[in-house]
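Trainee: I should like to learn how to read a structural model, beginning with a pair of strands and ending with the contact between two chains. May we proceed feature by feature?

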2 protein chains.
Amino acid sequence: MRITLIGSGNVATHLAAAFKNAGHRIVQVYSRDMEHAALLAYHVKGEPISDLQRIDPETDLFIISVKDDAIPSMAKELAKFNKFTVHTSGATDLATLSAIVPKAGVFYPLQTFSKEKEIDFWSVPLCIEGVDEAVTVELEHLGRTISNNIYRINSNQRKTLHLAAVFACNFPNYLYDVARNLLKENNMEFELLRPLILETAQKVRDNLPADVQTGPAVRQDESTMSNHLQMLENEPQLKMIYELLSQGIITNHKPRH
Amino acid sequence: MRITLIGSGNVATHLAAAFKNAGHRIVQVYSRDMEHAALLAYHVKGEPISDLQRIDPETDLFIISVKDDAIPSMAKELAKFNKFTVHTSGATDLATLSAIVPKAGVFYPLQTFSKEKEIDFWSVPLCIEGVDEAVTVELEHLGRTISNNIYRINSNQRKTLHLAAVFACNFPNYLYDVARNLLKENNMEFELLRPLILETAQKVRDNLPADVQTGPAVRQDESTMSNHLQMLENEPQLKMIYELLSQGIITNHKPRH
């Protein structure tokens, strides 16, 4: 397929590389910032542009991968070409796009992308949605050229999924940071926690999280929890987080009597 | 070394297996519950006992791996043998043990152990502390027979480490559970989130968490955050967790202007 990328952020970068590797042709990469466009375009052998007037109409698919609130204005600029157009946002309805471009879809890769880190795209869940069955099937075919995990997810589900991803990814990473700072204040290396963090994530590959919950809260070990709260006496925010999350664990688990 | 295990929980089970594999001899396994003692003892070819009167004094090391508040009473029972004695607790001072047994130490493996899941013990950080340099060195030597990651950690540091482990392991696992429940209510499989969870943990193997934070809070994406809070309108606990953790992320990151 001939593919044009609108955007050059983390999602656009990893998607473009995956499509290129799968044999698709990246026609152009658009970014407001020519340097960003050029950097990505160079890697995927497309043409960099920073001016939407220079869009090449000889493409099969526009992938809009920009900040959520910029999606409608981008779609309006592309509408005149009347091409197959998708966005990659977890938090944006399909209707936002389909109100502007008739042949619209969503192509949402559920992963945390960093430019510094390579990723095996075959394992990335691709959540797709099309305006009709034909578009959906076309997106499924396209998705299968880069990933083994294709899911049909409607706009309502995708919003929940996006929220769930904040709980499963962004918040745990913040808690790693909290742990790192606690160690640093006491002259200990973050290195100490890395095997624990990895094992915690690996455990839920084959188990449900509720079945492998460990720690003082699930044991209802009041004395350890009260010691921990005392240690957080000068960190009211962290103390509140500790209390809330411990209460959540206790609520989700029946006493083990 | 001849090693006697006091306790048959997750930590005792994984430690006993690691020591047995390294060529040490497991003399006895004690548990109040004879079935538990027998199960572990069978795997490591030791003698199961459920009565402390039957302790074999021909051992080099007692490893007390029981609930924190049972450590002193166990130590008192073992004091008469006057042997090298350690506990495996993250939350218990060395002094709790050394007040009762002179040759005392701590041997705290920083990992989340489940009986269902095998673990590569070589990568488990072992946090050790002895009453004096000779004991500490002896524990280092012992530790090196089963792990490549030996750390000298004093009692104060270990308490902080234990607290940090709650933030880095127990709380993230709870958040995975929250995410799973959000998906379940909307007819989506937890499977969808597993690659994301694993990648989030793998990212901090080579990076510090603050450097790879993603999501609406670090982007200060107010509109996504307010949509998410609206979706949690009927879940006041989760809403509070969302607000607190997002605020924590915002506080830890300067605005990206």
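Mentor: Let us begin with a pair of facing residues in this predicted model: Ile6(A) stands opposite Tyr30(A), a residue of β2(A).

Trainee: In what sense do strand β1 and β2(A) pair, and over how many bridges?

Mentor: Strand β1 of chain A, residues 2–6, runs parallel to β2(A), and five bridges join the two. As a general idea, side chains in a regular strand alternate between the two faces of the sheet.

Trainee: Why is strand β2 of chain A described as largely enclosed?

Mentor: The test is relative accessible area, with under 20% counting as buried. Strand β2 of chain A covers residues 25–30, and five of its six residues are buried, so the rest of the structure largely encloses it.

Trainee: How should chain A as a whole be summarised?

Mentor: Chain A has nine helices and eight strands. Its C-alpha atoms fill a box of roughly 70 × 40 × 30 Å along the principal axes. Of its 257 residues, 55% count as buried. Among contacts in chain A with a separation of 6 or more, 51% involve residues 24 or more positions apart.

Trainee: How many residues of each chain take part in the contact between chain A and chain B?

Mentor: In chain A, 86 residues are in contact with 86 residues of chain B. The two chains bury about 8,400 Å² between them, and carbon and sulfur atoms account for 69% of that area. Phe167(A), Leu192(A) and Leu244(A) supply 8% of the area that chain A buries against chain B, more than any other three residues.

Trainee: Which polar features should one look for across the interface?

Mentor: One may consider salt bridges and polar contacts separately. Between chain A and chain B the count of salt bridges is zero, whereas 28 residue pairs are in polar contact, both residues being at pLDDT 80 or more.

Trainee: Which element supplies the largest share of the side of chain A that touches chain B?

Mentor: That element is α6(A), with 26 residues. The residues on this side of chain A comprise 49 nonpolar, 25 polar and 12 charged.

Trainee: Is Thr200(B) buried or exposed?

Mentor: Thr200(B) lies in helix α7 of chain B, residues 194–203. Its relative accessibility is 3%, so Thr200(B) counts as buried. Leaving aside residues up to four places away in sequence, Thr200(B) touches Thr112(A), Cys169(A), Asn173(A) and Tyr176(A).

Note on methods: Residues are numbered from 1 along each chain as its sequence is written. Chains are lettered from A and ligands numbered from 1 in the order in which they are written. Side-chain values use heavy atoms; hydrogens and water are left out. Contact means heavy atoms within 4.5 Å. Buried area is the accessible area (1.4 Å probe) that two parts lose on being put together, summed over both. A salt bridge is a side-chain nitrogen of Lys or Arg within 4 Å of a carboxyl oxygen of Asp or Glu. A polar contact is a pair of N or O atoms within 3.5 Å; within protein, one must be able to donate a hydrogen and the other to accept it, and residues adjacent in sequence count only if both atoms are side-chain atoms. Helices (H or I, at least four residues) and strands (E, at least two) are DSSP runs, numbered from the N terminus. Ala, Val, Leu, Ile, Met, Phe, Trp, Tyr, Cys and Pro count as nonpolar, Asp, Glu, Lys and Arg as charged, and the others, Gly among them, as polar. Buried means under 20% relative accessible area, exposed over 50%, partly exposed in between (1.4 Å probe, protein chains only). Two strands pair if DSSP finds at least two bridges between them.
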